[in-house]
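Trainee: I have a model open and want to read its side-chain pairs. Where do we begin?

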Amino acid sequence: MALIAQSWSSTNFTFRTIFSAFSKSHKLKRSFGSSTVLLRRKRDSILSPGDFNVRQVSDYDEFRDVENEEDTVLDSLNEESRSAPHVLVDKILDVTTICINRPHRKNAVNPATAAALRQAFMSFENDDSSRAAVLYGANGTFCSGYDLIDFAETTSDMRFSKRDSYIDGLINSDDGPMGPTRWFHFKKPVIGAIEGHCVAGGLELAMCCDLRIADETAIFGVFNRKHGVPLIDGGTCRLPALIGFSRAMDMVLTGRSVLAKEALDIGLVTEITQIGSALGRAVEQARKLGESPQETMLADRRSMYYSQFRAVSWEDALCYERDNARRALWYDSLKGAKDFRRKNAEIRLAKKTRKRGRGSDEN
């Protein structure tokens, strides 16, 4: 427990404040003489006097009782989250939702979670009734990256040769240590709904999404810089493509935090919503994508990915776009042109009818 004391005096009185920080449960204890006030921080809020729920406690013993009771509740919740599935998959009409569900580790990904994410996305891609997916994290955190605690515990007692083999298995995974992060792109649109921390490998996972919708609490960053962990899930490839080389280099070298407003300004996210509404907005946007003619939308999407990451020249990108569009022209464009012609004829007929009606009224 770290104590930070500040005191000052004036003509009539002396006021002394002691803050005790409890990092695990985000509680603050403030002492004013004999009385103690327990302050609980609202989730994902910036620390300020208005951001606390205040509860009066009569003495220190009662304060300890409250603290122990709340820690017991937290421990039981953590135990439940450990035994729960690491990834939750649901369906909202034609939208698949995929949730990283390890809140006791801030949704950090371990090998079992990575395997579950791969399976979830494979199932989504093979589901013809699902046109788009939304990826999000449980309990107000998107993903804090790879689970370094699990990594340390797993490798601590290994012999050098076995440890080397284990690390090689992670690095050489075709899919990626974080799950499907080394796939070129998903076959269908995926939207990331981001709340809280989206950092390190979590940032790499979010960048696999076509769109990223964040709420006001979102925090991005290459936080693995602080722990000596390199980017191995496509971060050095996708980040410069999304926000430009200079800005990407700044994030990669410094490991600094990027808040939601800056993330929107530099193009890392496409939209900011109010606190707690990113998931709902992402599902709404996914539903709209499902309403578009699919062959055309998916063809243009494939062409954009190819031109950005695989094309060796302007001519190569144009050739791919042309060949990729041929199927869409047969499936969607002919029908779309007929529908456009029919609607245009209906509009013209309605205009003529209104003109005739006004002429008869004047006569």
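Mentor: Start with a term: a salt bridge is a side-chain nitrogen of Lys or Arg within 4 Å of a carboxyl oxygen of Asp or Glu. This is a predicted model, where local features need pLDDT (the predictor's confidence in each residue, from 0 to 100) of at least 70, side-chain atom pairs count only at pLDDT 80 or more, and totals for chains, interfaces and linings use all residues. Residues are numbered from 1 along each chain as its sequence is written, and side-chain values use heavy atoms, with hydrogens and water left out.

Trainee: What is the mean pLDDT of the protein?

Mentor: Confidence varies along the chain: residues 1–64 stay under 50. Of the protein's residues, 68% reach 70 or more. The mean pLDDT is 76.

Trainee: How far apart are the closest N and O atoms of E262 and R256?

Mentor: R256 also forms a salt bridge with D250, at 2.8 Å. R256 is partly exposed (buried is under 20% relative accessible area, exposed over 50%, partly exposed in between; 1.4 Å probe, protein chains only), at 30%. E262 is partly exposed too, at 27%. For E262 and R256, the closest N and O atoms are 2.6 Å apart.

Trainee: Which residue forms a salt bridge with R281?

Mentor: The closest N and O atoms of this pair are 2.7 Å apart. R281 lies in helix α9 (residues 278–291) and its partner in strand β14 (residues 271–273), so the pair ties together parts 10 residues apart in sequence. The partner is partly exposed, at 24% relative accessibility. The partner is E271.

Trainee: Is T181 buried or exposed?

Mentor: The relative accessible area of T181 is 1%. The cut-off for this class is under 20%, so T181 is buried.

Conventions. Contact = heavy atoms within 4.5 Å. Helix = DSSP H or I, 4+ residues; strand = E, 2+ residues; numbered from the N terminus.
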